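Please open the model in your viewer and keep the sequence panel visible beside it. The stops below suggest what to select next and describe what is there.

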Amino acid sequence: MNNSISLKVGLLSLLVLPAVIGCSMAVGSVSGSAPTPTIDAGKKSANGLYLVKGAPKTLPKTTEIARFAGGCFWGVEDYFRKEPGVIATAVGFSGGHVPNPSYERVCEGDTGHAESVEVEFDPAKTSYEKLAHLFFEIHDPTELDKQGPDVGYQYRSIAFYRSPEQKKVLEDSISAMQKSDDFKGEKIVTEVIPAGPFYFAEDYHQQYVEKGGRAYCHTRTTRNFGGGGK
């Protein structure tokens with residue numbers, strides 16, 4: 001009888017564990033610890049974000065900022081760092097009420113923050129609309145307070161706007177998606193809110209995938225996102 005109980009408890013733990021610990025705790029480097037940096041994290045843009053590999057030596061005089069939250073920020077950031085026209089990125093926390101929170105504090109779920117990615121881009125090379133469509137393509141905007149194996153308020157879907165123009169792009173994109181057959185019967189739960197303070201996450205979270213870490217929480221989908229973004 002005791003062996004039977006132990007077996008049931010062990011199986012239950014295997015089922016529950018991925019949902020509890022989430023992507024940011026479950027996956028990492030091969031050794032299981034924070035990866036050893038292999039890039040120069042000191043190269044920053046004028047806005048304090050970390051330059052992408054291959055960024056031009058002479059940065060454009062005019063850049064724009066976008067900010068998104070779509071689950072574990074490791075995977076979200078990695079997609080944006082590979083997107084043409086993106087100059088620099090940083091991961092951090094937005095949308096909460098506690099100033100300068102640590103990763104551990106955010107994981108407690110009571111700060112109101114979401115894991116977020118700040119994206120600096122060259123408007124001559126790409127558009128906010130295109131980045132917004134990428135955001136919707138790499139996460140599931142119908143999942144409430146979770147994304148894949150990550151469960152918690154900090155993993156909710158949010159698009160932070162910095163201008164009326166950005167807000168309109170987001171609202172139009174969501175409206176088009178909601179009318180698409182690909183989202184029939186599903187409600188898009190992405191929040192569209194003004195971009196408030198952005199608090200940088202700890203150094204080991206920055207460019208986590210480029211440093212050798214692994215993130216499995218995001219894949220690019222083929223759903224209809226209203227056109228114009230690809």
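## Starting at a cysteine

Select Cys107, which is partly exposed, with a relative accessible area of 30% (buried means under 20% relative accessible area, exposed over 50%, and partly exposed in between, with a 1.4 Å probe and protein chains only). This is a predicted model, in which local features need pLDDT of at least 70 and side-chain atom pairs count only at pLDDT 80 or more, while totals for chains, interfaces and linings use all residues. Residues are numbered from 1 along each chain as its sequence is written, and side-chain values use heavy atoms, with hydrogens and water left out.

Which cysteine sulfur is closest to that of Cys107? It belongs to Cys72, at 9.9 Å, which is too far for a bond. Cys72 itself is buried, with a relative accessible area of 0%. The structure holds zero disulfides, a disulfide being a pair of cysteine sulfur atoms within 2.5 Å.

## The whole chain

Zoom out and colour by secondary structure: the chain has six helices and nine strands (DSSP runs numbered from the N terminus, helices being H or I with at least four residues and strands E with at least two). Of its 230 residues, 45% count as buried.

Now colour by pLDDT, the predictor's confidence in each residue, from 0 to 100. The chain averages 82, and 77% of the residues score at least 70. Over residues 1-41 the pLDDT is below 50, although this stretch has 50 contacts in the model beyond near neighbours in sequence, where contact means heavy atoms within 4.5 Å.

## The largest nonpolar core

Next select Phe68, Phe73, Phe80, Val119, Tyr128, Leu131 and Leu170, which touch the most other members of the largest nonpolar core, a group of 34 residues (such a core is a set of buried Ala, Val, Leu, Ile, Met, Phe, Trp, Tyr and Cys residues joined through side-chain atoms within 4.5 Å). Among the elements that each supply at least two residues of this core are strand E2 (64-70), helix H3 (73-81), strand E4 (114-121) and helix H5 (128-137). H5 gives the most to this core, with six residues.

Stay with Val119 for a moment: leaving aside neighbours within four places in sequence, Val119 is in contact with Leu49, Glu64, Ile65, Ala66, Phe80, Val86, Ala88 and Leu131. Apart from the largest core lies another core, of seven residues, among them Tyr50, Ile87, Ala88 and Phe198.

## Helix H3

Is H3 largely enclosed or open? Eight of its nine residues are buried, so H3 is largely enclosed by the rest of the structure. The buried residues of H3 include the charged-type names Glu77, Asp78 and Arg81, alongside Phe73, Trp74, Gly75, Val76 and Phe80.

## Two residues in strands

Move to Ala66, whose place is in strand E2 and which counts as buried at 0% relative accessibility. Beyond neighbours within four places in sequence, Ala66 is in contact with Val117, Glu118, Val119, Phe121 and Tyr128. Measuring from C-alpha to C-alpha in your viewer, you should find Phe160 at 7.4 Å from Ala66, although the two are 94 residues apart in sequence.

Finish at Thr89, found in strand E3 (residues 86-94) and buried, with a relative accessible area of 0%. The side chains of Thr89 and Arg81 are joined by a polar contact of 2.9 Å (a pair of N or O atoms within 3.5 Å; within protein, one must be able to donate a hydrogen and the other to accept it, and residues adjacent in sequence count only if both atoms are side-chain atoms).
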